[in-house]
Amino acid sequence: MRVASVSLKAAFIAVLHLNYVAAAGDSSLYTALLDVADSLGETQPQSDISPVVELAKKNKDKLDQVSAHGETDAVTACDVFATLFPGKYADQSSGDYTAEVERPISGTCWLKSTCFFEAHTTSDVAFGLKIVTTLGTKFATRSGGHQQNVGFSSIEDGVVLDLSRLTSSSLSEDHKTVRLGTGNRWGEVYNRLEEYGLGAVGGRSGDVGVGGLILGVGIPFFSSKYGFACDNVQQFEVVLANSTVVNATANSHPDLFKALKGGGPNYGIVTHFTLYTIPTDIWYHVAQYNESDYKQVLSAIVATQAKMEDDSNAGVLFSGSNGTMMVGMLYAEPTENPPVFSAFDSLKPIRTLAPPTIGTIAKLVDFFTANSPTARYLSFATSYETDLDLYKSAYGSFISRQHFTSPTKGALQYGIQTITKAAVQAGQKRGGNWLGMKPVSTNWWHVVAAWFDEKDDKAALEASTGMMKNMTNLATDAGKYLDFQFQNDADVSQSPLKSYGEENFKKFAAVAASYDPQQVFQKLQNSGFKISKA
Ligand SMILES: Cc1cc2nc3c(=O)[nH]c(=O)nc-3n(C[C@H](O)[C@H](O)[C@H](O)COP(=O)(O)OP(=O)(O)OC[C@H]3O[C@@H](n4cnc5c(N)ncnc54)[C@H](O)[C@@H]3O)c2cc1C
């Protein structure tokens, strides 16, 4: 009985898949690629298009054949990539295959993909997407590879569309905006902008990719002043499911523009982001405290959060693990020892990690990058209103839960990310988003499990889910629980898109349906925070 129902289900899925391929691939792959070339010709450099067209012409018979046979397997698609994109492709026989497999920061995501397509340009992405959609091949899209959920930017039996070589960056003449390829890492972005006295509203660790961070909302150092990373995009250049390229701004494709602010990988592949620039000169101080002082440290955090409501230059972050707690006191102006952090004056750190410094965003990011090693990672996110008793009881329970293996092999990390009313309002001032955030003093809390040995996978999962459940219960009992889940920290089992509220979710879903009627990003994309799975 069980076997019969399983095979019936498999047959049903196979029929659905064939229907999908038939609908997606009415024309031959050869014709489809030439159509893409025509439409790219209107906006993209010919030098990015012609080499692919020439190779397609030389291999017309082969391209006609694969689409006529309805081949959907990844090996066939990879053969097409190898034919049309020599030098931009890696499979098991390539020297750089292992480097591609091991690019993600989390070892759990080192999946042996059938091949990696190493796109260099917007045109490459448009052609690449046309190959997988015409053939109906499963794919994953990857920028910086820092997403810890297995299968989001990695895939076992399928093609990784790797965007890490889209690393262009150009500052506008008036220096007000910078256009970035999605494959840039934040550290490189800040270093380049620093030469002009500028920064941007992006990641706090230098290795994180531009693309994934912004599409998942993006929490920066100074959200109170500037809002979130997604709020600071002026334009998204997007390759849509049908391989056409559009620029989404507040005035052009405004619905797509809004949906891309925190809507995840549901609308297209974003190739370039144009961001507003900000000044780079700041002040910071990072100190480490003993875990036994957690009540005093948390009191200082909450006191600072109260003051931050009146001083939008201030930011504070907290991370605790393995017997110590790190506190970053950050100020968006080059001001010596800003009084907003005075609650920490009476506390005694065990170590100064970064002394009080008038520095730059680039230098601060260097500091945090050095603290982000390759390991195996899991992360869970929730949010709740600021409340000292809740902070203390939650951290108290974390202390007894943090070790799931020996401390040198891994541990849980406890993160407090302070969000002010001003942060939510800053986003609204920049055109607004559909994230449904309540304008109150909040902690976007997260627990991360970081460990090295595969043998500890189960223990890491149990410890992090246990802590997550405990946090949710404590926040609910205290009447402080909020629905919002920060996408970039959320686990695959969570539903950040739904956490934006039912009405907002409907808006995100409607935009996805309108820009991707064939549901390419729901059906062929391997995994991710998809509308269809929310
Ligand atoms: C050490 C570390 C530090 C971090 N610091 C921060 C921080 O300061 N602030 C913050 O907000 N988050 C932070 N994060 C979380 C991080 O932002 C997310 O993991 C984010 O998804 C990583 O982006 P990426 O491009 O590196 O990831 P990827 O793994 O390449 O991509 C993440 C997701 O986005 C999709 N995607 C990527 N690029 C595109 C694109 N161009 N078009 C369409 N879909 C795309 C992928 O398919 C995948 O689903 C951190 C994570 C780590 C491990």
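Which residue's side chain meets that of glutamate 333 in a salt bridge? Lysine 225 does, and its close-up is among the legends below, which all show a predicted model.

**View 1. The ligand and the shell around it.** Let us start with the ligand, which has 30 residues around it. The closest of these are Thr141, Ser143, Ser153, Arg204 and Val270. Sorted by class, the shell holds eleven nonpolar, 17 polar and two charged residues. Helix H9 gives the largest share of the shell, namely four residues.

**View 2. Backbone contacts to the ligand.** Here we look at polar backbone atoms and their ligand partners. Threonine 141 has a polar backbone atom 2.7 Å from an oxygen atom of the ligand. For glutamine 147, a backbone N or O atom lies 3.1 Å from a ligand oxygen. At valine 270, a polar backbone atom is 2.7 Å from a nitrogen atom of the ligand. The ligand exposes 960 Å² when taken alone, and the protein buries 92% of that. Two or more shell residues come from each of strand E3 (139-142), helix H9 (210-215) and strand E10 (269-279).

**View 3. Glutamate 237 with arginine 179.** The whole structure contains 18 salt bridges, and this view shows one of them: the side chains of glutamate 237 and arginine 179 meet at 3.0 Å, N to O. Glutamate 237 belongs to strand E8 (residues 233-239) and arginine 179 to strand E6 (residues 177-181), so the pair ties together parts 58 residues apart in sequence. The two partners are worth comparing for exposure. Glutamate 237 counts as buried because its relative accessibility is 5%, under the 20% cut-off. Arginine 179, at 29% relative accessibility, counts as partly exposed.

**View 4. Glutamate 333 with lysine 225.** Back to the pair from the opening: the salt bridge between these two side chains is 2.9 Å, N to O. Glutamate 333 sits in the loop between strand E13 (324-331) and strand E14 (351-360), while lysine 225 is in helix H10 (residues 223-226), so the pair ties together parts that are 108 residues apart in sequence. Glutamate 333 is partly exposed, with 32% relative accessibility. Lysine 225 is also partly exposed, its relative accessible area being 25%.

**View 5. Aspartate 457 with arginine 376.** The side chains of aspartate 457 and arginine 376 form a salt bridge of 2.9 Å, N to O. This pair links distant parts of the chain, with aspartate 457 in helix H16 (residues 457-477) and arginine 376 in strand E15 (residues 376-385), 81 residues apart. Is each partner buried or partly exposed? Aspartate 457 is partly exposed at 26% relative accessibility, whereas arginine 376 is buried, with a relative accessible area of 12%. Elsewhere, salt bridges that share partners join Glu100, Arg103, Glu118, Arg142, Asp162 and Arg165 into one network.

**View 6. Aspartate 73 in its loop.** For the last close-up, we turn to aspartate 73, found in the loop between helix H4 (60-68) and helix H5 (74-84). The side chain of aspartate 73 makes a polar contact of 2.7 Å with that of threonine 76. Aspartate 73 has a relative accessible area of 32%, so this residue is partly exposed. From aspartate 73 to threonine 386 there are 313 residues in sequence and 50 Å in space, C-alpha to C-alpha.

Note on methods. Residues are numbered from 1 along each chain as its sequence is written. This is a predicted model: local features need pLDDT of at least 70, side-chain atom pairs count only at pLDDT 80 or more; totals for chains, interfaces and linings use all residues. Side-chain values use heavy atoms; hydrogens and water are left out. Buried means under 20% relative accessible area, exposed over 50%, partly exposed in between (1.4 Å probe, protein chains only). A polar contact is a pair of N or O atoms within 3.5 Å; within protein, one must be able to donate a hydrogen and the other to accept it, and residues adjacent in sequence count only if both atoms are side-chain atoms. A residue is near a molecule or strand if one of its heavy atoms lies within 4 Å of it. Accessible areas come from the Shrake-Rupley method with a 1.4 Å probe; for residues, only the protein chains shown count as cover. Ala, Val, Leu, Ile, Met, Phe, Trp, Tyr, Cys and Pro count as nonpolar, Asp, Glu, Lys and Arg as charged, and the others, Gly among them, as polar. A salt bridge is a side-chain nitrogen of Lys or Arg within 4 Å of a carboxyl oxygen of Asp or Glu.
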